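Trainee: I've got a model open and I'd like to learn how to read it. Can you walk me through it?

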Amino acid sequence: MARFPVADLTPGMRLSRAVHTDSGMVLIGEGTELTEAHINRLRTMDIESVQVELERRPDKTREEMLAELDERFRKSLDSVYMKRLKKIFVEHIDESFNNNGNPGAAQSD
Amino acid sequence: MNHSTIMETRALRSQIEGIATLPTIPSVLRTILRVIEDPKISLKEIGSFISSDPVLASRVLKVVNSPIYGFSGRIASVNQALLLLGLNVVRGMLFGVSVFEVMEKSMEGLWAHSLGCAVTARIIAQKKGVEEPEEVSVAALLHDIGKVALHLKFPEEYAEVLARAEAEELFITVAEERHFSVHHARPGAWIAEKWNFPKNLVEMIGYHHQPQLARNVPVQTAIVHLSDIIIRARGFGFAGDRFVPPVQPAAWELLNLSDEEMKSILGEIDEGLVRAEDFLQFDE
């Protein structure tokens, strides 16, 4: 997510936070995909920037994330609960890489 | 605990309690806290008091609409915030917001850790159907306040404790205990009590490493405990050491979350943290 100047918005960007008027009324709701009309409306109002979702790209590879996880859990794996928690984290990392279609993740095609 | 340790702990307690107010609490916040303490004042009066200060009002709205509480962008007025969250929660939140600077000064990454813990606690509390999830969020936001207190009162010594934890690969609780004979949760509870925080909040802060000892709010305390562990495991922020401490078996059993539930919690945390990113700095 990032704060984006209204001047630089392009249609298709998605708001990650609602835009409000000064009186607190919701102008454009959270999650709205911006159209040309929305952007023009924002430009005519006195709004400088809005929060938009940027494509989420993990800044670390799967292998780096797993290595860091190993290190963090190093002192607590005597506990069966922590083994289970770690396994859940590993699966969660694997799934997030698969869903994002990250080139680093294992994919069949 | 032998006699001399008890004496030491008493001395430590009175020194910690001597921290009257946090140096960075802005004067307007001090005023608002005084106003809130007044038992005769109504919620509406407090609302209009907060609203009369635009900086304070915008800060309150920013916090209540943050991923800590999950109302995201839906709370448009201070009165609505007070009605939805209640006075105690707003008060704890104002503390949390005002201590963030000193938190970050005490330990780089502690604010992110606290914020991440609050997001996590809210998500788990909602999943478990806890009646006031916001109260659990506030406790999670403030759970490490004892680290701030130790740093404020004993800056050099606390820096040594941190250096030792790093060099000897100790859990921060162990390094603190070696030096002060107690770890940060006790001073956290002392200061929370001193500041007249509600007793549930004191209990959650005081027992976040021993949730099995909580008597009034055992589930909520277990949630703060587990959230602390999850957010460290997630590698978000810094809490004084590089290692995830083991979860208390009783707390894990009490919460009884299935693997599937845990995974959905981790997914929600990821979303919450993405939205929390820009909340890590205040730009007003």
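**Reading a loop, a fold and an interface**

Mentor: Let's start with one residue: N256(B) is exposed, with a relative accessible area of 54%. Exposed here means over 50%. Keep in mind that this is a predicted model.

Trainee: Where does N256(B) lie in chain B?

Mentor: In the loop between helix 14 and helix 15 of chain B.

Trainee: And what should I look for in its backbone?

Mentor: Look at phi. Most residues other than glycine have a negative phi. N256(B) isn't a glycine, yet its phi is positive, near 50°.

Trainee: Which other residue has a positive phi although it is not a glycine?

Mentor: E169(B), with a phi of about 50°. You'll find E169(B) in the loop between helix 9 (155-167) and helix 10 (172-180) of chain B.

Trainee: Is E169(B) buried, exposed or partly exposed?

Mentor: Partly exposed, because its relative accessible area is 25%, and the partly exposed class runs between 20% and 50%.

Trainee: Now zoom out for me. How many helices and strands does chain B have?

Mentor: Count the secondary structure runs and you get 15 helices and zero strands in chain B. Then ask how much is covered: of the 284 residues of chain B, 58% count as buried. The exposed surface of chain B comes to about 11,500 Å², with 51% of it from carbon and sulfur atoms.

Trainee: What about contacts between positions far apart in the sequence?

Mentor: Take the contacts in chain B with a separation of 6 or more: residues 24 or more positions apart account for 69% of them.

Trainee: On to the interface. How many residues does each chain bring to the contact?

Mentor: Chain B brings 32 residues and chain A brings 27. Between them the two chains bury about 2,800 Å², 57% of it on carbon and sulfur atoms. In chain B, the residues that lose the most area to chain A are W252(B), K263(B) and L266(B), together 19% of what that side buries.

Trainee: How do I read the polar side of it?

Mentor: Start with charge pairs: there are five salt bridges between chain B and chain A. In one of them, the side chains of R84(A) and D259(B) meet at 2.8 Å, N to O. Polar contacts across this interface come to 13 residue pairs.

Trainee: Which helix of chain B gives the largest share of the side that touches chain A?

Mentor: Helix 15, with nine residues. Helix 13 (218-233), helix 14 (249-255) and helix 15 (259-276) of chain B each supply at least two. By residue type, that side of chain B divides into 16 nonpolar, five polar and 11 charged.

Definitions and conventions
Residues are numbered from 1 along each chain as its sequence is written. Chains are lettered from A and ligands numbered from 1 in the order in which they are written. This is a predicted model: local features need pLDDT of at least 70, side-chain atom pairs count only at pLDDT 80 or more; totals for chains, interfaces and linings use all residues. Side-chain values use heavy atoms; hydrogens and water are left out. Contact means heavy atoms within 4.5 Å. Buried area is the accessible area (1.4 Å probe) that two parts lose on being put together, summed over both. A salt bridge is a side-chain nitrogen of Lys or Arg within 4 Å of a carboxyl oxygen of Asp or Glu. A polar contact is a pair of N or O atoms within 3.5 Å; within protein, one must be able to donate a hydrogen and the other to accept it, and residues adjacent in sequence count only if both atoms are side-chain atoms. Helices (H or I, at least four residues) and strands (E, at least two) are DSSP runs, numbered from the N terminus. Ala, Val, Leu, Ile, Met, Phe, Trp, Tyr, Cys and Pro count as nonpolar, Asp, Glu, Lys and Arg as charged, and the others, Gly among them, as polar. Buried means under 20% relative accessible area, exposed over 50%, partly exposed in between (1.4 Å probe, protein chains only). Accessible areas come from the Shrake-Rupley method with a 1.4 Å probe; for residues, only the protein chains shown count as cover.
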